[in-house]
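Student: Before we go through this model, could you tie each term to its cut-off as we use it?
Tutor: Yes, let us look at it together and take the terms one by one.

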Amino acid sequence: MLSIDPSSQSVQDNYKLLIGSIVPRPIAFVTSLTSEGVLNAAPFSFFNIVTANPPMVAVSVQRKPGGVQKDTARNAAAYGEFVVHISDESYIEAINATAANVPPEESEVALAGLTAIASEHIRVPGVAEARIRMECVLEQSLPLGGTEGAPACDLLIGRVVRFHVDEALYENGRINAEALKPVSRLAGSDYAKLGDQFSIERPV
C-alpha cells in the first residue's frame, strides 16, 4: 500500500489522485445568467446532496489560475440563482460541448444547440433537453482552498425551490434510475453509465 503525503506533491498530482479515486461522480450541468442576460452553462463533477430539509445541493466550481472566478460562480453570486440539471446519456455530447472555454458574452447553451426553457420560480432559464432539473436559490457561496488572496474554488450551496422531472422517470415519488440513464464522470476524458444495480438490506 502506497503512503502519499499530499503536501509533498503538486496540486495536479493530488487532483489526479482525487478524480481517479472518487468515482463515479455525478455531473451537475449548471445554467446561470450573466449581468448582461447571457445564458451560460457548464458541467461540474464536484457535486452532491447537502440536505433534504430543505432540499439543498452543493457544486464546487474550481477557480482559474490566480484565483479568478469562473462564469458560473460569478453569475450565481451576482443573481443569487442557478439551475442544476442531471446529466444523462441523451444529451451528454452537448453537455461536453459546453465545457469549451468561451467568453462570458457567448452562450454555451446556444453553442451546444441546446434549448433554453423558462424557470417557474427564478429568473435563470433551464435546458429543455434535461430530464431532471432543479431551480436553485443560492444559499451560500464559500471560497475555499488556495491562499487567502486566491482561493482554489467556490462552493455553491443551492436551495432547491422547484424540481422538474420527466413523468416517464417518476414512479410513486421515486426516480427510476434505469430509465434516467445517468452519466457519471471518471478521470481524464472518461465517463461511465449506470451499469449493474444490486441491493443490500441496511442493518436495523
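Student: What makes helix α2 lie across β2, β3, β5, β6, β9 and β10?
Tutor: The word rests on contact, meaning heavy atoms within 4.5 Å, and helix α2 (residues 71–79) lies across β2 (28–33), β3, β5, β6 (81–86), β9 (132–144) and β10 (153–165), running at about 55° to β2. For such angles, axes are lines fitted to C-alpha atoms, for helices over the stretch in contact, and the values run from 0 to 180 degrees between N-to-C directions. The elements themselves are DSSP runs numbered from the N terminus, helices being H or I with at least four residues and strands E with at least two.

Student: How do you know how far these coordinates can be trusted for such statements?
Tutor: This is a predicted model, in which local features need pLDDT of at least 70 and side-chain atom pairs count only at pLDDT 80 or more, while totals for chains, interfaces and linings use all residues. Residues are numbered from 1 along each chain as its sequence is written, and side-chain values use heavy atoms, with hydrogens and water left out.

Student: Why are β3 and β4 said to stand at the edges of the sheet?
Tutor: Two strands pair if DSSP finds at least two bridges between them, and seven strands form an open, antiparallel sheet in the order β3-β2-β6-β9-β10-β5-β4. In it, β3 (39–44) and β4 each have a single partner strand, so one side of each is left without a neighbour in the sheet. Neighbouring strands of this sheet are turned by 35° against each other on average, direction ignored.

Student: What makes β4 and β5 a pair?
Tutor: They are joined in the antiparallel sense over five bridges, which satisfies the requirement of at least two. Within this region, N48 stands opposite A58 in β5.

Student: Why is N172 called exposed?
Tutor: Exposed means over 50% relative accessible area, buried under 20%, and partly exposed in between, with a 1.4 Å probe and protein chains only; N172 has 80% relative accessibility and therefore counts as exposed. This residue, in the loop between β11 (170–171) and β12 (174–175), has a positive phi of about 55° although it is not a glycine.

Student: And why is K181 called partly exposed?
Tutor: Its relative accessible area is 43%, so K181 is placed in the partly exposed class. K181, in the loop between α5 (177–180) and β13 (184–185), is a residue other than glycine with a positive phi near 55°.
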